[in-house]
Amino acid sequence: MNTASFRRLRGLLRKEFLQILRDPSSLAIAFLLPAVLLLIFGDGVSLDARNVPLALVVERPDTLTASFTGQFERSPYFRPHRFSSIQAAERAMAAREVQGIIWLQSDFTRRAISRGKSPIGVIVNGVDANNARIIEGYLQQVWTTWLVAQARAEGRLSPLPLATEPQVRFNPAVSSRNYLVPGLIAVIMTLTGALLTALVIAREWERGTMEALMVTRVTMREILIAKLIPYFLLGMGGMAASVAITVFLFGVPLRGSLMVLTGASALFMLAALGMGLLISSFARNQFVAGQIAIITTFLPAFILSGFVFDINSMPRAVQIITHIVAARYFVAILQSVFLAGNVWSVILPNAAALAVMAAVFLGAARIVSRKRLD
Amino acid sequence: MWRQVIALVVKELLVVLRNKKSRMVLIGPPLIQLMVFGYAATYDLNNVPIAVHNRDRSATSRDLVARFVGSPTFNLVAMLDSDRQINELIDSRQVQMVLVIDPRFTQRLLKQEPAPVQVIVDGRNSNTALLIIGYANTILSEFALAWDAAHSNPAPPAVLEMRARYNPTLSSRWFIVPGIVAVLTQVVTLLVVGLSVARERETGTFDQLLVTPLRQFDILLGKGLPGLLIGVIEASVIIAAAVWWFDVPLRGGLLPLYLGLVLFVIAVTGVGMMISSLAMTQQQALLGAFLFMVPSIILSGFATPIANMPAWVQYLTLLNPMRYFLVIVRGVFLEGSNLSSLVSQYWPMAMIGVVTLAAAGWLFRRRVL
């Protein structure tokens with residue numbers, strides 16, 4: 001790069017920085033937006049069901065049913081409500097007052113004593129299928145605990161002859177926040193990165209200032225670099241704020257190194273900004289640029305990145321589509337770096353994919369935004 | 001008066017539909033998204049890659065392994081012969097679960113002592129981890145009950161008989177696809193409305209509109225109706241796809257569904273108008289739309305239940321029209337809810353619509369000065 005080009009670039013950079021500083025909205029997007037979103041979502045997004053309201057219907061109470069229902073009073077997962085009849089409980093479920101019904105029929109104890117395997121009727125509201133599955137899992141735990149306690153009280157061996165110890169690696173408390181918050185960083189940074197750049201070039205086209213730039217000696221490469229540098233710095237600043245909130249406020253462990261995290265974030269930021277540049281040089285209209293930015297960034301980063309919905313569970317065709325979502329690679333890196341540490345077998349391939357995406361998007365943006373007027 | 005309003009509506013529709021790019025953006029992406037997200041957004045587990053370390057190597061332990069291999073949930077990718085491989089496979093995410101069977105497994109089973117089995121799960125996605133443990137426990141207790149029966153051990157006093165109401169196979173697609181109706185309707189409506197005012201303001205034509213004989217109310221109507229129309233039409237297409245393509249049962253009537261839809265679109269239109277009356281430029285309008293949309297989707301109950309949120313966030317969600325509409329779509333689709341059971345969801349949306357539209361009308365006048 002010769003001196004003239006460097007001088008031009010410096011002038012452009014100065015203009016971009018001034019524009020950012022004087023328009024509070026871009027500073028707000030870069031710092032305030034990620035922080036506020038992370039604060040609200042980090043607290044609000046959780047898949048851990050606690051205090052699930054449950055209807056208990058015991059048609060003929062005795063000591064055996066009491067020992068079973070007592071398990072629910074002690075469980076942190078459930079908040080039991082007693083109902084006198086199954087009809088009343090069904091009505092409560094239809095009114096969404098309870099999530100599930102436990103139904104011990106009048107012959108429960110008689111059958112339990114005579115032949116065993118007396119049925120415990122369980123009806124869960126299946127509308128939220130994931131929640132229903134988690135509730136069923138908790139119920140299974142309550143049932144197992146009860147069987148073991150009951151056998152011990154009667155001095156018998158447990159009827160379940162297995163001693164299972166589930167061991168959850170990296171997240172022994174199975175707290176969904178520990179994996180959702182790092183994923184949220186990727187979603188939020190996708191937003192800010194693409195949004196920042198998607199708008200800036202489209203704005204120049206719409207205001208006609210791009211044409212003014214074209215008649216100067218500034219090359220397209222210089223324009224793009226001048227757009228990239230300030231927004232890259234802004235984006236990394238937002239990223240740092242998000243990581244600080246995640247670690248210090250939400251107490252998510254950061255087991256990998258900060259270096260790896262910074263490197264991966266830089267690659268991801270470049271990919272996100274490249275995508276924004278590409279969108280805006282293609283759209284040339286803020287309405288369309290904004291539409292495309294929303295459609296191609298936020299929703300895919302939310303749904304296709306593995307942030308909440310596990311990519312392994314998606315149909316093969318959709319799994320292939322997820323490979324073009326940059327957030328997917330970043331979410332994988334974030335979840336590993338935060339919870340597991342520097343797992344190179346996860347980090348390297350995903351970082352390589354991010355680098356390729358950044359190169360492709362930036363290259364494509366360079367090709368699309370030639371000096372041309374149509 | 002009506003002729004003028006209609007003229008304004010037609011003009012607004014033309015502005016959106018005449019531009020080839022914005023027409024494409026309104027029609028193509030929502031449909032593609034419906035297809036991709038409809039299949040992608042699932043919590044159901046299948047083909048979870050697992051590894052087994054069977055240190056017992058007896059017919060009994062092989063029977064237990066066979067139960068895992070036979071389950072459609074799990075996909076056995078490796079049989080291990082040392083503990084060291086476990087960490088490597090889990091760390092690199094090649095498997096999500098490892099089943100370790102203790103060498104004393106059969107021996108202790110025969111002595112009627114608890115036989116040790118270890119289930120190691122990757123907790124990086126805790127939801128998946130919980131579901132995997134749930135499935136593994138089901139298989140393990142089935143195995144245990146079968147063992148008891150075969151060796152005439154005493155049966156447990158009671159067993160769980162679980163059924164799910166409204167969604168017997170617990171398919172999460174039935175939960176998510178109706179949710180996508182709400183998400184996409186909101187995105188489209190918000191963009192059409194939010195940007196139409198800001199664009200006029202930026203090009204200066206909004207001032208011209210204000211000096212025409214059109215009253216404040218007419219302008220609101222003229223700007224709001226196109227969003228309403230486009231929103232309801234898009235939503236209808238998505239609802240049709242949910243029913244005929246994704247086979248989600250539509251158990252309730254169309255009246256409760258469409259009443260909810262219209263109220264929802266009005267509320268979103270109001271929010272969009274308010275945003276664009278506050279914004280001076282299209283960039284600000286877009287930002288405002290984004291700032292409203294992202295939290296309203298994430299905190300709506302679309303992907304994570306509102307009941308799991310802390311109390312202060314739950315209060316915040318009361319301002320979110322999507323929260324109510326999600327209950328309505330899911331209620332009408334899966335539970336067959338009727339008008340009277342959804343009243344508590346209708347009126348808050350109507351309130352949000354009235355308040356935001358009134359605020360927008362008031363702001364329009366103020367911002368011109």
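**A sheet shared by two chains**

Okay, let's start with one pair of residues: P166 of chain A has V119 of chain B as its bridge partner, and V119(B) sits in strand β4(B). Keep in mind that this is a predicted model.

So which strands are we talking about? β5(A) and β4(B), residues 115-122 of chain B, run parallel and are joined by eight bridges. In general, strands of a sheet pair through backbone hydrogen bonds, either parallel or antiparallel.

Now zoom out to the whole sheet. There are five strands in an open sheet, and the order goes β5(A)-β4(B)-β3(B)-β1(B)-β2(B), with mixed pairing. At the edges you'll find β5 of chain A, residues 162-169, and β2 of chain B, residues 74-79; each has a single partner strand, so one side of each has no neighbour in the sheet. On average, neighbouring strands here are turned by 25 degrees against each other, ignoring direction.

Back to β5(A): which of its side chains are buried? L162(A), T164(A), P166(A) and V168(A), which point to one face. A163(A), E165(A), Q167(A) and R169(A) point to the other face and are not buried.

There's a helix here too. α6 of chain B, residues 126-150, lies across β5 of chain A and also across β1, β3 and β4 of chain B, and α6(B) runs at about 160 degrees to β4(B).

Last bit, the domains of chain B. Domain 1 is assigned as 2-41 plus 171-368, and domain 2 as 48-150. Their C-alpha centres lie 48 Å apart.

Notes. Residues are numbered from 1 along each chain as its sequence is written. Chains are lettered from A and ligands numbered from 1 in the order in which they are written. This is a predicted model: local features need pLDDT of at least 70, side-chain atom pairs count only at pLDDT 80 or more; totals for chains, interfaces and linings use all residues. Two strands pair if DSSP finds at least two bridges between them. Helices (H or I, at least four residues) and strands (E, at least two) are DSSP runs, numbered from the N terminus. Axes are lines fitted to C-alpha atoms, for helices over the stretch in contact, and angles run from 0 to 180 degrees between N-to-C directions. Two residues are in contact if their C-beta atoms, placed from the backbone, lie within 7 Å. Domain bounds come from an automatic or database domain assignment. A residue is buried if 20 or more other C-beta atoms lie within 10 Å of its own, exposed if 12 or fewer, and partly exposed in between; C-beta atoms are placed from the backbone.
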